[in-house]
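Welcome, and thank you for opening the viewer. Please load the structure below and keep your selection tool at hand. We will go from stop to stop together.

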Amino acid sequence: MKLPALAASLMIAFAPQAQAQTQAGIAAPWSAPAKPFVWENATVYFLLTDRFNNGNPANDLAYGRKKDAAVLRGYMGGDLAGITAKIKEGYFTDLGVTAIWITPPVEQIHAATDEGTGKSYGFHGYWARDFTAIDANLGTEADLRTLVDTAHAAGIRVLLDVVLNHTGPVTPTDPVWPADWVRTGPTCTYKDARTTMDCTLVKNLPDILTGSDKAVGLPPQLAEKWKKEGRYEREVKELDDFFKRTGYPRAPRYYLMKWHADWVRKYGFDGFRADTVKHTEPGLWKELKTVSSAAFEEWKRANPAKKLDDTPFYMTAEVYGYALQHGHAYDLGGMTADYPAEGFDSLINFAMKSDAKESYEKLFSSYSQALHGPMKDSSVLNYLSSHDDGAPYDAMRERPYESANKLLLAPGAAQVYYGDETARLLKVDGAEGDATLRSFMNWDELASNAQRGLNRVADVREHWAKLGRFRQAHPSVGAGVHQMIQHYPYVFKRTYETKDVTDRVVVALGLPVDKPAAVPVTGVFMDGQTVRDWYSGKTAVVKGGKVQFDARNPVVLIGM
């Protein structure tokens with residue numbers, strides 16, 4: 001049988017993903033064939049490793065840490081092995097996830113500190129003690145390698161969260177780094193660029209001198225630690241080789257670039273999520289991109305059987321407060337930064353949570369116009385809830401279906417924060433500050449299909465999964481051009497075209513559920529074509545410019 005050109009091109013593009021999932025031993029759902037991957041359509045699952053899944057209870061407390069923290073501010077047992085277990089179970093595959101973003105796995109300060117919200121440990125990964133070692137609470141180097149390899153075998157990419165702005169807080173057992181490495185004051189006031197960069201984010205969070213070109217030696221405590229671990233000579237030789245090869249001065253930021261690129265070179269991370277970007281000099285990120293891209297290519301050459309494809313190294317930026325409407329000009333106060341020009345492929349879109357209060361059409365059309373207009377050479381990573389945003393879109397999870405529709409069907413890449421898909425509550429009694437956003441993943445509620453308001457957890461998750469698999473299979477959903485077809489019931493189309501791939505979909509939302517509804521598809525699918533509703537799994541033939549499926553759902557997701 002002769003295939004249409006579109007079908008043939010998609011089959012060719014889809015083949016690598018299908019092969020990867022088969023090799024991983026993970027059965028893809030009926031609705032998840034492989035697809036051409038583009039970061040502009042990525043579904044990125046963001047999780048706090050310590051709060052996701054406990055795969056090895058033996059490593060729950062390391063370095064003398066105790067269970068004496070304030071509510072949700074201590075280690076709770078999640079680890080790298082726990083993530084790997086869920087990859088092997090097919091949890092992410094079933095959700096249509098194309099990339100997993102893990103919090104920094106580097107060794108954290110050993111003791112606890114109190115920033116005013118209760119005794120806290122570095123469970124989140126943003127309080128580094130040694131940027132070159134894995135925190136024992138999370139696992140081992142073997143655990144991390146297994147995680148990345150297992151994800152790649154399942155066709156899933158892995159993003160590493162990186163911090164170049166600061167070390168961890170100072171405690172009696174975690175001494176401050178030397179004065180030529182960090183500043184300990186003043187505290188940022190955020191009035192302009194200088195009071196955003198040349199300062200500490202909060203009290204007792206030493207700020208790395210990323211703007212300095214002065215050569216510095218290793219922090220004494222780090223050199224001593226490496227000697228005790230028997231790796232001092234090796235680490236120093238690698239640093240010597242790096243500085244000789246690159247010609248960079250031995251300034252603090254270049255040590256950090258070398259250390260972070262090593263994670264890519266050793267394990268094959270596909271990209272970085274860069275933390276606290278606006279608190280550093282914009283230009284350093286382009287340098288990090290250069291160093292890390294070289295490390296990624298080196299890893300791919302050394303591991304040809306493990307690489308997914310030839311997609312370049314990816315970086316997305318956390319510029320706190322950035323909105324899609326800022327485009328290429330983010331005002332820092334007396335200085336405007338064009339972050340896409342500084343090595344970033346996308347920026348996290350902090351405005352999505354407020355923009356989501358608008359109608360579907362206003363949200364979708366405005367995003368499409370921006371992404372295919374002023375931002376056509378870049379993209380955004382949309383989110384509705386996150387680990388440090390105290391004003392999520394739906395903290396009490398009263399509108400989980402609407403949240404899924406708006407996040408997963410909006411133009412741009414999507415960041416699913418762990419538990420978005422299971423209606424994990426974002427307000428916890430007794431937790432202060434951002435701790436309330438970081439409860440342990442609600443696996444028990446998912447298993448029992450617990451009641452959450454008017455909904456049930458497993459039912460909510462299945463809705464997210466259906467949209468996620470549709471998105472995974474169709475790059476037009478996030479990367480395509482949006483156009484409304486009719487107001488009510490609301491129907492729109494997305495079109496994605498490159499020299500290699502053409503993809504078109506039609507989506508209907510708010511359909512009546514008391515009877516099957518005909519959906520207009522003129523200009524997208526031709527009469528006589530058989531199309532699939534990826535929500536119900538049913539197929540139908542287009543007649544008179546419309547298609548009607550034998551299903552009664554408020555959502556229809558139409559594609560080939």
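Contact means heavy atoms within 4.5 Å. This is a predicted model, in which local features need pLDDT of at least 70 and side-chain atom pairs count only at pLDDT 80 or more, while totals for chains, interfaces and linings use all residues. Residues are numbered from 1 along each chain as its sequence is written, and side-chain values use heavy atoms, with hydrogens and water left out.

**Stop 1: the barrel**

Helices (H or I, at least four residues) and strands (E, at least two) are DSSP runs, numbered from the N terminus. Two strands pair if DSSP finds at least two bridges between them. Select S1, S2, S7, S10, S11, S14, S15 and S16: these 8 strands close into a barrel in that order, with parallel pairing. From one strand to the next, the twist averages 25°; the angle is taken between N-to-C directions, on a scale from 0 to 180 degrees, using axes that are lines fitted to C-alpha atoms.

Now zoom in on S16, residues 413–417. On one side, strand S1 (residues 43–47) pairs with S16 in the parallel sense over 4 bridges. Within that pairing, look for Phe46, which stands opposite Tyr417 of S16. Strand S15 (residues 379–382) also pairs with S16 in the parallel sense, over 2 bridges, and here Asn382 faces Ala414.

How many residues of S16 are buried? Buried means under 20% relative accessible area, exposed means over 50%, and partly exposed is in between (1.4 Å probe, protein chains only). In S16, 5 of its 5 residues are buried. Show the side chains: Ala413, Gln415 and Tyr417 point one way, while Ala414 and Val416 point the other way.

**Stop 2: Val428**

Follow the chain out of S16 into the loop that leads to helix H13 (443–448), where Val428 has its place. Is Val428 buried or exposed? Val428 is partly exposed, because its relative accessible area is 27%. Leaving aside residues up to four places away in sequence, Val428 touches Leu72, Thr436 and Ser439. Try a distance label between the C-alpha atoms of Val428 and Ser439: they are separated by 7.7 Å, with the two residues 11 apart along the chain.

**Stop 3: two hairpins**

Select strand S20 (residues 490–497), where 6 of its 8 residues are buried. Strand S19 (residues 481–486) pairs with S20 in the antiparallel sense over 5 bridges. Val481 stands opposite Thr495 in S20, and the hairpin of S19 and S20 has 3 residues between the strands.

S20 also runs antiparallel to strand S21 (residues 502–509), joined by 8 bridges. Pick out Glu497 and its bridge partner in S21, Thr502. S20 and S21 form a hairpin too, with 4 residues between them.

**Stop 4: pockets and cavities**

Rolling a probe the size of a water molecule over the atoms shows where empty space is left. On a 1 Å grid over the protein atoms alone, a cavity is a set of points where a 1.4 Å probe fits but cannot get out; a pocket is an open set with protein on both sides within 12 Å along at least five of seven lines, and lining residues have an atom within 4 Å of a point. Grid points are joined across faces, edges and corners, and a volume is the space filled by probe spheres set on the points.

Start with the largest pocket, which holds about 710 Å³ of space. Among its 23 lining residues, Leu201, Val202, Asp388, Asp434 and Arg438 lie nearest its centre.

The second largest pocket holds about 410 Å³. Select Glu235, Glu238, Lys258, Asp262 and Lys266 to find its centre. H8 supplies the largest share of this lining, 7 residues.

The count of cavities of 30 Å³ or more comes to 8. The largest cavity has a volume of about 80 Å³, and the closest to its centre of the 13 residues that line it are Leu511, Ala517, Ala551, Asn553 and Val556.

For a last selection, take Pro104, Val106, Asp161, Val163 and His260, which lie nearest the centre of the second largest cavity. This cavity has a volume of about 70 Å³, and S7 gives the most to its lining, with 3 residues.
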